[in-house]
Amino acid sequence: MKTTVVRTTLEGLVAKSHAHRAKQGSSVFYTAAAATEPAAAEPPQETVAG
């Protein structure tokens, strides 16, 4: 696997806020963003036939 593929993938995750980038000296470190709870599915609404 090429380094450019990994770097491009990580930068894509940073752009989507799924990862964070931190530069320390000449190195760049990537960490996963905090996981969020998935949105709860709303229960189906009942309809009343009249």
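## Working through a small predicted α-β-β chain

S17 is exposed, with a relative accessible area of 54%. Keep that residue in mind; we'll come back to it below. One caveat before you start: this is a predicted model.

### Exercise 1. Sketch the layout

Work out which helices and strands the chain has, and in what order they come.

**Solution.** Start with the count: there is one helix, and there are two strands. Now read along the sequence, and the pattern comes out as α-β-β. Next, check the helix itself. α1 has 13 residues and spans 18 Å from its first C-alpha to its last, close to the 18 Å expected at 1.5 Å a residue. Finally, look at how the strands go together. β1 and β2 (residues 27-32) pair in the antiparallel sense, over six bridges. They make a hairpin with two residues between them, and G25 in that turn has a positive phi of about 70°.

### Exercise 2. Find the odd backbone angle after the helix

Just after α1, one residue takes a positive phi; find out which residue that is and where it sits.

**Solution.** Step past the end of α1 and you reach S17, with a positive phi of about 60°. As for its place, S17 belongs to the loop between α1 and β1. Why does that angle deserve a second look? Most residues other than glycine have a negative phi. S17 is a residue other than glycine, yet its phi is positive. To round off the picture, S17 is exposed, because its 54% relative accessible area is over the 50% cut-off.

### Exercise 3. Track down the salt bridge

Search the whole structure for salt bridges, then say which parts of the chain get tied together.

**Solution.** The search turns up one salt bridge. Its partners are E11 and R21, and their closest N and O atoms are 2.6 Å apart. Now place each partner: E11 lies in helix α1 (residues 3-15) and R21 in strand β1 (residues 19-24), so the pair links parts that are ten residues apart in sequence. Then ask how open the two ends are. E11 is partly exposed at 28% relative accessible area, and R21 is also partly exposed, at 47%. R21 has another partner to note: across the hairpin, its bridge partner in β2 is Y30. Go on to K23, and the bridge partner in β2 is V28.

### Exercise 4. Follow A32 to its neighbours

Which residues does A32 touch, leaving aside those up to four places away in sequence?

**Solution.** First, locate A32: it is found in strand β2. Its contacts are H18, A19 and H20. Take H18 as an example of how sequence and space compare: A32 and H18 are 14 residues apart in sequence, with 6.3 Å between their C-alphas. Now try a residue from the helix. L10 has its place in α1, and L10 and A32 are 22 residues apart in sequence but 9.8 Å apart in space, C-alpha to C-alpha. Compare their accessibility too: A32 counts as exposed at 66%, while L10 is partly exposed at 23%.

### Exercise 5. Look at the surface

How much of the chain counts as buried, and which residues form a nonpolar patch on the surface?

**Solution.** Begin with burial: of the 50 residues, 4% count as buried. Then take the accessible surface of the chain, which comes to about 4900 Å², with 57% of that belonging to carbon and sulfur atoms. The nonpolar patch is made of M1, V5 and V6, and together these residues have about 340 Å² of accessible area. Zoom in on V6 to finish. V6 sits in helix α1, and it is partly exposed, with a relative accessible area of 37%. That value is fine for a patch member, because patch residues need over 30% relative accessible area.

Methods
Residues are numbered from 1 along each chain as its sequence is written. This is a predicted model: local features need pLDDT of at least 70, side-chain atom pairs count only at pLDDT 80 or more; totals for chains, interfaces and linings use all residues. Side-chain values use heavy atoms; hydrogens and water are left out. A salt bridge is a side-chain nitrogen of Lys or Arg within 4 Å of a carboxyl oxygen of Asp or Glu. Helices (H or I, at least four residues) and strands (E, at least two) are DSSP runs, numbered from the N terminus. Buried means under 20% relative accessible area, exposed over 50%, partly exposed in between (1.4 Å probe, protein chains only). Two strands pair if DSSP finds at least two bridges between them. Accessible areas come from the Shrake-Rupley method with a 1.4 Å probe; for residues, only the protein chains shown count as cover. The expected span of a helix is 1.5 Å times one less than its number of residues. Patches are made of residues with over 30% relative accessible area and no salt bridge: like charges are joined within 9 Å, nonpolar side chains (Val, Leu, Ile, Met, Phe, Trp, Tyr) within 5 Å. Contact means heavy atoms within 4.5 Å.
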